[in-house]
Amino acid sequence: MLSVSADGAGSAAAAAGTVPVGLSTRVRVPASSANLGPGFDCLGIALGIYDEVIVETVPDGVTLEVEGEGADAVPRDDSHLVVRALTRGLAHAGLRAPGLTLRCVNRIPHSRGLGSSAAAAVSGLAAASGLISAAGLGPGLSPDELVQLSSEFEGHPDNAAASVLGSAVVTWTESADGVASYHAHRLPVHPDIYATVFVPDTESSTSFTRGLLPDSVPRADAVFNLSRSALAVVALTTDPRNLMAASQDRLHQPYRASAMAPTHDLVSALRARGHAATVSGAGPTVLVLGTAPVPAEIRQLAQGLGFDARSVAVAGGVEITVG
């Protein structure tokens, strides 16, 4: 653990609102799946695929090294989401960094419905929290602050809150005077539940698929989803036997089906065989939650449709290591 002497140069820099040079922190952030079928923009779960970021404070400039998923497509300057989130987290604490070097190891597939953007925002904010701790300026950002600040980047808290808190989450948003306040409650997932993700090579745009949704839905469909969302909390925490019924949806998946035909076909095929399959977030990844591993013949079926099956753990929340 790094600490800064009260009478040292680090203390003087911090007093001036600048964290000292020579601090370091490492963060590990899980992927996430949102909606879980009926819980549009309010249910999420953390999954054991992790991005890692190592940050050091330097005298000036921003140096960014990226490897893994999306490495050829992301910026290498302060417009990178991790850097923007880190800067936002420090600013929230009244601080800034003189300069930064970052090494990002990306394992969460990009634009596949596994919360890569939310994980990047959480990574930057968690790194800011680590630097605050390393500078001896307190415990860093609280979980509530991490949820709020990361959700501001996303516009909704389901993915971000899952990556912060781990396990499953139920989230909600309040608004006062045009300012959104994001909240989340962690749900302990039943230990018998397995997660499998079916990840295709193709990407999707959340903004595009969200644009396919209608402004209003029939009352019967709204009531249907309300009942299934409530049941999902029961199925996730105490009675996994209800996962099939609890993962039904009429609010968003049917409207997006035509834009993601292979995803729709795989969800339909899995559900026809008794697996609680849903579109992961905005897709095109498919998530299955169940009480047994997905059998080999199902994996072969998915492979034939262009999907790679991965068994993943239900993950804990963000991890921050200082020094």
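**Exercise 1. In which loop is P284 found?** Describe the peptide bond that leads into this residue as well.

*Solution.* The model examined here is a predicted one. Begin by placing the residue along the chain: P284 is found in the loop that connects β8 with β9. Next, look at the bond from G283 to P284, whose omega is near 5 degrees, and which is therefore described as cis. As background, most peptide bonds are trans, and most residues other than glycine have a negative phi.

**Exercise 2. Find out what phi D41 and S111 have, and state where each residue lies.**

*Solution.* Start with D41, which is not a glycine and yet has a positive phi of about 65 degrees; its place is the loop between β1, residues 24-34, and β2. Then turn to S111, another residue other than glycine, where phi is positive and near 55 degrees. S111 belongs to the loop between β4 and α3.

**Exercise 3. Work out the order of the strands in the open sheet that contains β7, and name its edges.**

*Solution.* First, write down the order, which is β8-β9-β7-β10, with antiparallel pairing among these four strands. The edges are β8 (276-279) and β10 (307-312), since each of them pairs on one side only. Neighbouring strands in this sheet are turned against each other by 25 degrees on average, if direction is ignored. Now take one pair in detail: β7, covering residues 194-200, runs antiparallel to β10 and is joined to it by six bridges. Within the sheet, V197 has R310 of β10 standing opposite. In general, the strands of a sheet pair through backbone hydrogen bonds, in either a parallel or an antiparallel way.

**Exercise 4. Determine which strands the helices α10 and α11 lie across.**

*Solution.* Take α10 to begin with: this helix, made of residues 261-272, lies across β7, β8, β9 and β10, and its direction makes an angle of about 165 degrees with β8. Helix α11, residues 296-304, lies across β7 and β10, running at about 140 degrees to β10.

**Exercise 5. Describe the empty space in the model, dealing with the cavity before the pocket.**

*Solution.* Empty space can be found by rolling a probe the size of a water molecule over the atoms. The structure holds one cavity of 30 Å³ or more, and the largest cavity has a volume of about 110 Å³. Its lining includes L36, A232, L243, T278 and V288, while α7, α8, β8 and β9 each supply at least two residues of that lining.

Continue with the largest pocket, which has a volume of about 690 Å³. Among its 37 lining residues, G115, S116, S117, A118 and E154 lie nearest its centre. The elements that give two or more residues to this lining include β2 (43-57), α4 (143-154) and α6 (206-210), but α3 gives the most, with five residues.

**Exercise 6. Identify which rings have the charged end of an arginine over them, and say how many aromatic pairs a search finds.**

*Solution.* Look first at R28, whose charged end sits over the ring of Y50 at 3.6 Å from the ring centre. In a second arrangement of this kind, the charged end of R250 sits over the ring of F224, 3.9 Å from its centre. Finally, consider rings with one another: a search of the whole structure finds zero aromatic pairs, where a pair would require ring centres within 6.5 Å.

Technical notes: Residues are numbered from 1 along each chain as its sequence is written. This is a predicted model: local features need pLDDT of at least 70, side-chain atom pairs count only at pLDDT 80 or more; totals for chains, interfaces and linings use all residues. Side-chain values use heavy atoms; hydrogens and water are left out. Rings of Phe, Tyr and Trp (its six-membered ring) pair if their centres lie within 6.5 Å; planes under 30 degrees apart count as stacked, over 60 as edge-to-face and the rest as tilted. A charge sits over a ring if NZ of Lys or CZ of Arg is within 6 Å of the ring centre and within 35 degrees of the ring normal. Two strands pair if DSSP finds at least two bridges between them. Axes are lines fitted to C-alpha atoms, for helices over the stretch in contact, and angles run from 0 to 180 degrees between N-to-C directions. Contact means heavy atoms within 4.5 Å. On a 1 Å grid over the protein atoms alone, a cavity is a set of points where a 1.4 Å probe fits but cannot get out, and a pocket is an open set with protein on both sides within 12 Å along at least five of seven lines; lining residues have an atom within 4 Å of a point. Grid points are joined across faces, edges and corners, and a volume is the space filled by probe spheres set on the points.
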